[in-house]
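This report turns to a small sheet and to two residues with an unusual backbone angle.

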Amino acid sequence: MSSQKKRDQLILHTALTAGRIMIENGSEIERVEDTMTRIAHNAGAQTSQLFVMITGILMAINGEVGAQIEPVKRRTFDLEKIAVVNDLSRQYAAHKIDLRQFADQLDHLDSASRYFPFWLQLVAAAMVSGPLEVVFRHNLPDFWITCLVGMLGWWVYYVLNKFIQIRFLSEFTAAAAIGVMAVVFVHLGLGNSVDDIIIGSVMPLVPGVPITNSVRDILAGNLVSGPARGVEALVSAAAIGFGIAMVLQFL
Amino acid sequence: MSVLEFIIEVAGTYVATIAFGVLINIPRRALNVGGWIGVLGYVLYRFTVLWGGGYVIGNLLGAVAIGVASLQAAKLKKMPMILFNIPAIVPLVPGGQAYQMIKNFALGNNSTALVFLLQVVMISGAIAFGFLLSELVNRIQRRFWRHRKRL
């Protein structure tokens, strides 16, 4: 293989990996297209053709015959990775790293996940639930119990997500668990209002990333990926709603 | 609304926005700014409702403020814009109305449920349209700063 061809392969590999990491972790499509075009341009490719969708990426450079495909299989929310890819792309544009280092760092980033520690996530879930319950419902006495229920709900969601890896099912189960816990705790006299506790506790499960990205994608003209994300958000919301509704039916 | 209530609401919004940021793994140096943008959007919404603007207009203004402020933060910190606006819209999410809708559907009070469904749709639409308007502002601004670096 000539060195020019090798270089083209490396450019394609880098751009495709960067794009896949960004979509997998919840970036909007326009940013992915922008980043990939910039990588190809900064690496010296004269032209680049791109087709980015939420389930896969197609890219060709320099008008060659062989375009390459990168499927996107997983879908999680890890916005830090998007920020890191963005940073790397900037560093590459400023010639602080070369293409080989860029590709290595992307591969490394792909395998490593730097989430906040689990206990901090639990605390964060509590700190989403309790304060929002107070903000929405002005019910100060139920603050602590909402924190507790929200935290346990996130724990259920997290553990199930590890084992069954279907987000909608984990959301459904977590919502049902939150409903049961709220009813039981109010029954035991630990809280006053089932409604307020549930409203606060499901807030950590709200699909904020798909909602925002769906709107932004549709506005940018990605009429396939935008509505697809909208459906994702809608199914999540419906799963949470059914979980709660099921518990309320059996009251 | 007394001053104490207002302070509690602002503190609650700030804490909740940052905590939601932790759940979706936002980089640490973006968390604080994201929290303040969330507070900005919520305060704008709250005062619009208090002064009789209605909750639809309130959510619209809140979403516009969040969109525009997120872009400024993205420029300043050289980070993607979604790091700031995703946690910031969480306090605007119509959680209470959505819950009342689900509850009333589950209990068979369909007419009450439809009222809440309408509210949820209107609020979500207002937030989406608010983002659209903020995008308009952002694109105009980008046109002026074309030679600058990407966000």
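Buried means under 20% relative accessible area, exposed over 50%, and partly exposed in between, computed with a 1.4 Å probe on protein chains only. This is a predicted model, in which local features need pLDDT of at least 70 and side-chain atom pairs count only at pLDDT 80 or more, while totals for chains, interfaces and linings use all residues. Residues are numbered from 1 along each chain as its sequence is written, chains are lettered from A and ligands numbered from 1 in the order in which they are written, and side-chain values use heavy atoms, leaving out hydrogens and water.

Most residues other than glycine have a negative phi. Two exceptions are set out here, with helices taken as DSSP runs of H or I of at least four residues and strands as E runs of at least two, numbered from the N terminus.

| Residue | Phi | Loop between | Relative accessible area |
|---|---|---|---|
| A:Gln165 | positive, about 55° | α6 (143-164) and α7 (167-187) of chain A | 63%, exposed |
| B:Lys78 | positive, about 55° | α3 (55-77) and α4 (82-89) of chain B | 45%, partly exposed |

In chain A, an open sheet of 3 strands runs in the order β1-β2-β3 with antiparallel pairing, where two strands pair if DSSP finds at least two bridges between them. Because β1 (48-53) and β3 (68-71) of chain A each have a single partner strand, they stand at the edges, and one side of each is left without a neighbour in the sheet. β1(A) pairs with β2 (residues 56-61) of chain A over 6 bridges in the antiparallel sense, and A:Phe51 stands opposite A:Leu58 in β2(A).
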